[in-house]
Amino acid sequence: MRGCALAVLLGATVAQAAEAIQAVRADGPLHVDGRLDEPAWAKAPVFDAFVERFPVSGRTPSERTEVRVLYDAETLYVGIVAHDSQPALIDRRMGRRDDFPYSDAVRLIIDPMNDRRTGYGFAVNAGGIQEDGLYYDDRNYTTDWGGVWDAAVGNVEDGWVAEYAIPLSLLRFPEAPVQSWGFSVRRDIARKNEELESVENPREAAANVSRLGRLTGLVDLQPRGRWELVPYVAARGVMRPQFSDAAQPTPRMMSPVLDVGLDVRGALSSGLMLNATFNPDFGELEADQLLLNLSTFESYYSERRPFFTQGMELFQPVGWEGGRSPLTMFYSRRVGLETPILGAAKLTGTVGPGVQVGVLDALVAGPWQAQDEANPDRRLRVHPSRPLHLGPDAELPGAPLATTNFLAAAARAPVGTASRVGVSFASALPMAGLCREEDAALDDARQPAECRTRGGNVLGMDFDLRSANREWAVYGQLNASQVVRGLPERTLHDGTVLRRGDMGVGGYLRAGRFSGNGFRADVGVDFASPTLSLVATGFQRAQNEQTPRFTLRYERQDGLGPLKLFRAIVTGGAKWTADSRATFRGAFMDLNLIAILPTFDLIELDVGTDVGGYDVRALDSTGVPLEREGSHYVNFYVESNAKRAMSIGGNASMALHRAGGPTPARVGWGGDVFVSVRPHPSLETRVEVGNDRTPYVARFVENLGNSHFILGDLKSNYLSLTLRQQWILTPHLTLQGYAQLFTDYGVYGRYFSASSNEAKAPIRLADLTPVDRADADSFYDTALNVNVVLRWEYRLGSTLFLVYSRAQQGLPAAEGDRPAASLLPKRLLAGPANDAVLLKWSYYWGA
């Protein structure tokens with residue numbers, strides 16, 4: 001076995017040596033214009049030994065690609081000529097920065113630290129739109145990382161040209177007289193659905209950085225300690241209702257707001273980068289998607305704020321191939337959720353061969369005052385806790401909120417050539433005293449700041465241990481949490497009483513074959529103790545649960561018969577509570593089939609069953625287990641080839657919910673569909689429609705005390721209509737619009753009573769007793785979010801934003817009226833609305 005591993009490693013080394021790209025020092029000025037007409041380019045060696053990566057791995061490409069690399073003391077220059085036998089068919093569609101559509105494009109992957117796990121990605125498409133990102137843990141990629149660099153595209157008689165200028169200050173590399181970096185170039189030919197690369201790297205290898213070729217010839221380069229400053233000024237006008245009661249949407253009042261802030265980025269050493277932000281403003285970002293959540297777990301929202309997206313891969317535990325950790329120690333959406341961010345700093349980089357570290361600290365603080373909505377205080381003021389913000393007192397929170405410091409730290413170190421281990425720590429520390437018992441007993445609105453916050457510490461370790469060929473691996477994570485500050489105690493959904501100082505543990509383990517063609521299998525277990533609490537700093541999808549599971553898959557990344565890709569995955573497992581009762585929470589089995597057709601359209605079929613079990617979180621934090629019925633489901637998804645002028649996709653799902661006690665079997669269904677139209681390379685319109693009708697059996701309605709409950713059958717329904725429009729005037733001037741109309745309702749049918757005993761015996765659906773009860777529990781909501789953003793990068797790294805946004809809610813039903821059971825947006829425009837106009841200017845300065 002050891003000899004085979006050595007042979008694989010030597011083979012990879014020899015292959016990389018043969019695929020080296022030679023860089024030469026530029027002997028004159030270069031202008032980034034997409035033409036490669038300076039004399040220095042003619043002296044650079046040409047590399048053209050590309051191989052096909054998809055759809056047929058290792059095949060000779062149908063089109064020739066030439067790469068030349070130059071450098072000087074400050075910049076790495078890369079020139080790529082993408083030859084094409086049919087230049088009129090080159091796909092030059094445009095898009096937003098970091099989000100261009102599938103089109104003809106080229107991408108650089110650079111690993112200057114030679115750790116074979118982390119690399120920078122720089123892409124530009126034939127329309128001139130740039131994208132940058134980071135490859136981490138070898139195989140994963142995120143566009144959250146970003147830098148200031150330049151690129152331009154041009155044309156030649158038989159193709160197109162991409163010219164890069166990447167400041168060396170963006171790249172972390174060691175001090176050495178001669179540099180040799182991991183390097184490759186990928187090219188997409190959209191109309192042929194071909195992906196080419198300068199090094200042989202088949203998709204089934206599930207690797208990126210570890211299989212890069214080499215960039216050689218870099219002599220006498222010194223890591224540069226470049227510093228970048230980006231100050232901003234943002235002026236905002238907000239028109240909002242004077243009263244917080246949604247039933248009183250008028251009158252409205254205007255709140256003018258002015259903010260100034262600063263972003264700082266600099267290199268502290270050849271391996272460490274510091275990022276800091278003061279009074280950050282993210283008003284140009286799109287609003288969160290509206291959705292209906294009837295579960296006992298909170299909804300997860302992706303982070304969009306640039307400061308928290310860049311470099312955050314270090315603070316997240318590694319997920320297994322195609323998976324994601326069920327426990328997130330640091331969920332950045334916690335920061336600034338209720339109080340504004342005064343300032344934050346982040347240190348990331350390397351401190352030794354392959355050793356990565358990251359430290360993030362953020363301070364959130366905000367003044368407050370008791371509000372008199374009838375006589376709002378509209379004076380413009382600057383408060384000591386927000387010294388860079390000018391606004392009226394009427395916009396301040398009406399209840400005290402504690403200043404809180406968030407801290408996250410992580411370190412990862414390599415083990416051998418393909419494995420690594422990591423340790424992490426996260427903390428949310430409210431800067432307030434302890435909440436007293438008598439204060440905790442007050443109504444929420446009257447509690448002091450020290451009772452209205454959550455604090456916690458989380459310590460964790462994670463690892464991925466992989467074989468030399470990276471096919472076999474063991475992934476794992478272990479966390480321990482501690483509750484600090486906040487209420488003396490609180491009761492979780494499953495009835496667990498969580499007290500200050502309580503600790504909990506959780507984690508996951510996966511082991512098996514995770515890459516390569518053919519059959520693959522893995523087994524694992526997830527675990528979360530009853531007192532595990534990550535909510536102060538992180539996000540958890542399980543509590544009081546242990547879940548052994550398995551996965552069996554068959555995969556052909558290089559195609560199967562006429563199919564360009566085929567994948568079949570069977571997963572299964574069972575759940576029990578992690579407490580001493582070990583209550584059965586359910587079991588599941590799922591079959592997932594994915595195929596890419598000869599036309600490069602994608603189809604997916606998902607069928608499965610859930611045998612039911614007991615839900616310990618359903619009954620008003622009592623911990624009494626409630627039986628839930630099982631179900632069978634099928635879901636079909638299709639997505640047409642994205643290179644077409646019109647592409648469509650969507651899914652349709654249906655579930656058969658088995659009979660539950662007095663409730664007969666019922667069918668639920670849902671789905672969504674999207675249509676994307678690109679009538680011009682610079683225009684794109686995307687419309688999405690989603691609908692779901694789900695019947696729920698015996699949902700909790702009321703706790704009558706003494707373990708006696710009222711339950712009710714519920715039919716829920718929602719409709720979501722989303723429009724996304726973008727117009728790319730130039731690669732640096734874009735106009736994008738977003739609008740979502742969302743309506744949901746729920747209608748309760750028959751009601752039941754159910755009882756348990758002092759020992760919290762499970763409640764079976766067969767034991768439910770029908771009761772007469774007037775329906776006062778049905779609901780109806782409708783809302784509209786609109787966001788229009790004009791973005792102009794008027795010079796490299798400097799931007800001007802003009803933003804309009806509107807958040808509209810429907811007028812609630814009058815007291816005593818039955819909520820509407822309709823998907824029409826009833827009383828939408830009559831309800832409360834917030835309108836805001838933002839003008840934000842930033843200026844980039846680097847030295």
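This report describes strand pairing, a surface patch and internal cavities in a predicted model.

**Strand pairing**

Strands E37, E38 and E39 are linked by two antiparallel pairings, summarised below.

| Pair | Residue ranges | Sense | Bridges | Opposed residues |
|---|---|---|---|---|
| E37 and E38 | residues 631-639 and residues 646-657 | antiparallel | nine bridges | Val 638 and Gly 650 |
| E38 and E39 | residues 646-657 and residues 666-680 | antiparallel | 12 bridges | Asn 651 and Asp 672 |

The connection from E37 to E38 is a hairpin of six residues. In a regular strand, side chains point alternately to one face of the sheet and the other.

**Nonpolar surface patch**

A nonpolar patch on the surface comprises Val 233, Leu 258, Val 260, Phe 278, Leu 380, Val 382, Leu 388, Leu 390, Trp 841, Tyr 843 and Trp 845, with a combined accessible area of about 900 Å². Two or more of these residues come from each of strand E15 (252-267), strand E20 (380-383) and strand E21 (386-392). One of the patch members, Leu 258, belongs to strand E15. Its relative accessible area is 36%, so Leu 258 counts as partly exposed.

**Internal cavities**

The model contains seven cavities of 30 Å³ or more. The largest cavity has a volume of about 470 Å³. Its lining consists of 27 residues, of which Tyr 120, Leu 134, Arg 172, Thr 348 and Gly 349 are the closest to the centre. At least two lining residues are supplied by each of strand E6 (119-125), strand E7 (130-136), strand E16 (272-278) and strand E18 (341-352). E18 provides the largest share, four residues.

Key: Residues are numbered from 1 along each chain as its sequence is written. This is a predicted model: local features need pLDDT of at least 70, side-chain atom pairs count only at pLDDT 80 or more; totals for chains, interfaces and linings use all residues. Side-chain values use heavy atoms; hydrogens and water are left out. Patches are made of residues with over 30% relative accessible area and no salt bridge: like charges are joined within 9 Å, nonpolar side chains (Val, Leu, Ile, Met, Phe, Trp, Tyr) within 5 Å. Accessible areas come from the Shrake-Rupley method with a 1.4 Å probe; for residues, only the protein chains shown count as cover. A salt bridge is a side-chain nitrogen of Lys or Arg within 4 Å of a carboxyl oxygen of Asp or Glu. Buried means under 20% relative accessible area, exposed over 50%, partly exposed in between (1.4 Å probe, protein chains only). Two strands pair if DSSP finds at least two bridges between them. On a 1 Å grid over the protein atoms alone, a cavity is a set of points where a 1.4 Å probe fits but cannot get out, and a pocket is an open set with protein on both sides within 12 Å along at least five of seven lines; lining residues have an atom within 4 Å of a point. Grid points are joined across faces, edges and corners, and a volume is the space filled by probe spheres set on the points.
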